[in-house]
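Subject: A structure for you to look at

Hi there,

Here is the structure I promised to pass on. Please open it next to this email and follow along as you read.

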Amino acid sequence: MPTFTDGSSETVESEVPVLFTWKGKTLTTAHAKGYAASAFPRSTGSSDEAAVRALQLVLESLEDSKAEDIVTINIAGKSALGDFMVVVSGRSSRHVAAIADHLTTDLKDEGFGNARVEGLETGDWVLIDTGDVIIHIFRPEIREFYNIEKMWATPEIEDGTLH
């Protein structure tokens, strides 16, 4: 795990690959297809520790809401969208909406601000973006159809065969 200095005198452990620093801020990777550095440093107050804290809060809130089949995917270094993606199921449209409502309330109460929410009206697939953590809440049929976990899964490479 690389270490870097975040502008203060303390050293911070990070799972995110560090390409270089600019004006004391660490620049992150840009997208999954390449390893270009982001043109913008991470937002003030956003750090690996904040992302892990947000993820822990998200997982606790989802457990409290009785969300089912919780899957966490580390996307740090694969995408500039965030550090973690969480995919869960609710039993019905009403349960999906309730999970999303409970989660956004918990995030706001814990000081993570107002998360961006899409799809709450129908309750089939709700997307919640906190900046560091992206949460997908599905009805089981919709989750099976889109199979988003497979899209972000790391491919297994056998015997060095690359195509």
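Where is Ser-65 found? Ser-65 sits in the loop between H1 and strand E5 (68-74). Before you go further, please keep in mind that this is a predicted model.

Let's stay with that serine for a moment. Ser-65 has a relative accessibility of 12%, and since anything under 20% is called buried, Ser-65 counts as buried. What does Ser-65 touch, leaving aside residues up to four places away in sequence? The answer is His-95, Ile-99 and His-102. You can also look for Gly-90: Ser-65 and Gly-90 are 25 residues apart in sequence, and their C-alpha atoms lie 9.1 Å apart in space.

Now for the two helices. H1 covers residues 48-64 and H2 covers residues 93-109. Their axes come within 9 Å and cross at roughly 140°. H1 and H2 are therefore oblique to each other, and the crossing in which H1 passes H2 is right-handed.

Which residues meet where H1 and H2 are in contact? From H1 come Leu-57, Val-58, Ser-61, Leu-62 and Asp-64, and from H2 come Ile-99, His-102, Leu-103, Asp-106 and Leu-107. Sorted by character, the residues of this contact are 6 nonpolar, 2 polar and 2 charged. You may recognise Ile-99 and His-102, as Ser-65 touches them too.

Next, please turn to the sheet. It is an open sheet of 5 strands in the order E5-E6-E9-E8-E7, and the pairing is mixed. Why do E5 and strand E7 (116-118) each have one side without a neighbour in the sheet? They stand at the edges and each has a single partner strand, so one side is left free of a neighbour in the sheet. From one strand to the next, the twist averages 15°.

Within the sheet, have a look at E6 (residues 84-89) and E9 (residues 133-138), which pair in the parallel sense over 6 bridges. To find your place there, look for Val-88, which stands opposite Ile-137 in E9.

How do the helices and the sheet fit together? H1 packs on the sheet and touches E5, E6 and E9; the direction of H1 makes about 5° with that of E6. H2 packs on the sheet as well, touching E6, E7, strand E8 (125-129) and E9. The direction of H2 makes about 10° with that of E8.

Enjoy exploring, and write back with any questions!

Best wishes

Conventions. Residues are numbered from 1 along each chain as its sequence is written. This is a predicted model: local features need pLDDT of at least 70, side-chain atom pairs count only at pLDDT 80 or more; totals for chains, interfaces and linings use all residues. Side-chain values use heavy atoms; hydrogens and water are left out. Axes are lines fitted to C-alpha atoms, for helices over the stretch in contact, and angles run from 0 to 180 degrees between N-to-C directions. Helices (H or I, at least four residues) and strands (E, at least two) are DSSP runs, numbered from the N terminus. Angles under 35 degrees count as roughly parallel, over 145 as roughly antiparallel, 65 to 115 as roughly perpendicular and the rest as oblique. A crossing is left-handed if the near helix is turned anticlockwise from the far one by less than a right angle, and right-handed if clockwise. Contact means heavy atoms within 4.5 Å. Ala, Val, Leu, Ile, Met, Phe, Trp, Tyr, Cys and Pro count as nonpolar, Asp, Glu, Lys and Arg as charged, and the others, Gly among them, as polar. Buried means under 20% relative accessible area, exposed over 50%, partly exposed in between (1.4 Å probe, protein chains only). Two strands pair if DSSP finds at least two bridges between them.
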